[in-house]
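Biologist: I would like to go through this model by question and answer. Please keep each reply short and end on what was asked.

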Amino acid sequence: MHGLICKTLEEFVIDQHGPQIWSQIRRDADAPYGRFEALRNYDAALMLRLMDASGERLNRPIMVIFEDIGHWICTHPPLEQVRRLIRFSGRTFVDLLYSLDELHDRARMALPGIDLPHFEIAEPDPGIFHVTSQWSFPGAGAVLTGSLRAMADDYGALVLIDADRSRPKGDGWTDQVTVQVIEHAFHAPREFTLGGVT
Amino acid sequence: MIGIDPSVLAKAMPMMLLLEADGRVSHAGATLARIAPMGADDGIADVLRFVSPNFAADMDALRDRTDRRLKVELLRETRIGADERATRLRCMAFPLAEGRILLNLSFSADPGEALRRHRLTAQDFSEVDPTVDLLFLKEAHDVVLTEFERLSDRLEQARRTAEEEAATDKLTGLRNRRAMDVYLARLADSRKQPFGLMHLDLDFFKSINDSLGHAAGDHVLEEVARILRAEVRRDDMVARTGGDEFMLVFADCTEVEIMRRIAARIIGRLEKPIDWQGHACRISGSIGITMSNFYDKLDTRRLVSDADRALYESKRCGRARHTVAVPTIAGRRVSDAPRPV
């Protein structure tokens, strides 16, 4: 399990619920002492224990927490760079949806060794998109749902998003997320210049 | 032969310039026109400067150079700050029918600055232009590098803490035996600085541990550490090298009389009763002293063992005193008499 993913859960819990709760979760999950390092690898079983422990301590289904994490990584100001990286996917929200099948490879290019979900996109009816994920963990659909909600806002699009429960498939898990794009330009998008901010 | 409407060309290649046979710029790609606005009567020499290779901007000169990459600057580029250079672009010239030339331009290795300067967005690039992916990669790379820098800072901090802990006596906060060995080895290596070495062993300490317990003993040791720290200068080295043993190094010290005075003062202060929960703990100290300038050849092991011998001389003669070691000369051990305080 790439440390970046463990670290994301850690930073989210600390930011939203405080360091004490995170210490409890870490103890519950029998995690090693200290903070997670984004550039190290961790045991996948540890991540599963942390997910269970987080659900228990925060008293919410882990998939609801994952959806919040998806939204948080796109909107939390110190993570502005993540939002920017996602905006490179395309000019419009629909471009972003159609670039999700490149996400796994894009992430690999930036950080070899990271295992992000594989996504496939279909548009069975105009304006209706089915995004199917395949990942070694459950919850890719939940995280994507949260992120797409945030990014729709960023692009100024009005959308409805629904996620199915994760189902086991092959060695991992699959999810399906349905996105209905109601209005492409519902409000003005947030600014995005390619050269970055100086 | 295919015909393309110039307006389609301008859309497919947003960084192109179409030059007529007489050198007039008849069409410009949208992005290029945004960076450097051009008028209908502009000629090639009004718009471009060829910098590398450097040659005059005319059509014949350009026709001779359609086989290689050229570097150009746009003469009408906007938004250039006072101390800034014009953006340098790469360009390739393609001869067309009727003497026209198509110039296709692109940004150079790091397009970041030009993009910031002209506030370009994905809309300013062709959908299939990999420049946007290059920029994605550059930003992702920055994120990863920043994280590596942070990681490296944290590791450095952890290393320093570990080093500090490894060199510190936990109870008293003084340096420990290991730190003293390293320090002496370093002094010996430098061979320049003279120094004085003092070895202190507490007297009657064991009876405090035995009668009042280890907590009282620990309290006394902390007090002793406080006294020793107060009696030395900031750059002197004080270490707890054993249960009730201490070593002190006085850097840059050549006067044995100064060492004697300090030893006497330390013993005087140690003999003041130390309070422990209403009990007056009474201790004293025996000290052995040696100086680096007693020796022709600096061997720190020998200095330590001489200071140690002098310390036991103090013990033998009734404790609560200091002794200055005189190193063995020609096989004969010379030592001045211990002085009671």
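Modeller: One definition before the questions: helices are DSSP runs of H or I with at least four residues, strands are DSSP runs of E with at least two, and both are numbered from the N terminus. The model is a predicted one.

Biologist: In which loop is Arg119(B) found?

Modeller: Arg119(B) is not a glycine, yet its phi is positive, at about 45 degrees. With a relative accessible area of 37%, Arg119(B) is partly exposed. Its place in chain B is the loop between α5 (112–117) and α6 (131–166).

Biologist: Is Asn59(A) buried or exposed?

Modeller: Asn59(A) lies in the loop of chain A between α3 (44–58) and α4 (62–75). Although not a glycine, Asn59(A) has a positive phi of about 55 degrees. Exposed means a relative accessible area over 50%. For Asn59(A) that area is 67%, so the residue is exposed.

Biologist: Is the peptide bond from Ser52(B) to Pro53(B) cis or trans?

Modeller: Pro53(B) sits in the loop of chain B between β3 (48–52) and β4 (54–55). Most peptide bonds are trans. From Ser52(B) to Pro53(B), however, omega is near 0 degrees, and the bond is cis.

Biologist: How many bridges join β6(B) to β7(B)?

Modeller: Strand β6 of chain B covers residues 88–95 and runs antiparallel to β7(B). One bridge pair is Cys91(B) with Leu105(B). Five residues lie between the two strands of this hairpin, and one residue of the hairpin, Glu98(B), takes a positive phi near 60 degrees. The number of bridges joining β6(B) to β7(B) is seven.

Biologist: Which residue of β7(B) does Met16(B) stand opposite?

Modeller: Strand β1 of chain B, residues 16–19, also runs antiparallel to β7(B). Four bridges join β1(B) to β7(B). Opposite Met16(B) in β7(B) stands Asn104(B).

Biologist: Why is β7(B) described as largely enclosed by the rest of the structure?

Modeller: A residue counts as buried under 20% relative accessible area. Strand β7 of chain B spans residues 101–107. The strand is largely enclosed because, of its seven residues, the number buried is five.

Biologist: Which helix gives the largest share of the largest nonpolar core?

Modeller: This core has 51 residues, and the ones with the most contacts inside it are Leu50(A), Phe93(A) and Val179(A). The largest share is eight residues, and they come from residues 140–155 of chain A, helix α7.

Biologist: Where does this core lie with respect to domain 1 and domain 2 of chain A?

Modeller: Domain 1 of chain A is assigned as 3–59 and domain 2 as 72–183. Both domains give residues to the core, so its place is between them.

Biologist: What is the area buried between domain 1 and domain 2 of chain A?

Modeller: The C-alpha centres of domain 1 and domain 2 of chain A are 23 Å apart. Twelve residues from domain 1 and ten residues from domain 2 make up the contact. Across this interface the rule finds zero salt bridges. Carbon and sulfur atoms give 86% of the buried area, which is about 790 Å².

Biologist: What area do domain 1 and domain 2 of chain B bury between them?

Modeller: The assignment for chain B gives domain 1 (6–125), domain 2 (130–166) and domain 3 (175–340). The C-alpha centres of domain 1 and domain 2 of chain B lie 39 Å apart, and the contact takes five residues from each. There are zero salt bridges across this interface by the rule. The buried area, 85% of it on carbon and sulfur atoms, is about 410 Å².

Biologist: Which three residues supply 28% of the area that chain B buries against chain A?

Modeller: In this interface 23 residues of chain B are in contact with 21 residues of chain A. The area buried between the chains is about 2200 Å², with 64% from carbon and sulfur atoms. No other three residues of chain B supply more of its share than Arg116(B), Phe136(B) and Glu139(B).

Biologist: Which residue of chain B forms a salt bridge with Arg91(A)?

Modeller: The rule finds four salt bridges across the interface of chain B and chain A. In the one that Arg91(A) forms, the closest N and O atoms are 3.1 Å apart, and the partner is Glu127(B).

Note on methods: Residues are numbered from 1 along each chain as its sequence is written. Chains are lettered from A and ligands numbered from 1 in the order in which they are written. This is a predicted model: local features need pLDDT of at least 70, side-chain atom pairs count only at pLDDT 80 or more; totals for chains, interfaces and linings use all residues. Side-chain values use heavy atoms; hydrogens and water are left out. Buried means under 20% relative accessible area, exposed over 50%, partly exposed in between (1.4 Å probe, protein chains only). Two strands pair if DSSP finds at least two bridges between them. A nonpolar core is a set of buried Ala, Val, Leu, Ile, Met, Phe, Trp, Tyr and Cys residues joined through side-chain atoms within 4.5 Å. Domain bounds come from an automatic or database domain assignment. Contact means heavy atoms within 4.5 Å. Buried area is the accessible area (1.4 Å probe) that two parts lose on being put together, summed over both. A salt bridge is a side-chain nitrogen of Lys or Arg within 4 Å of a carboxyl oxygen of Asp or Glu.
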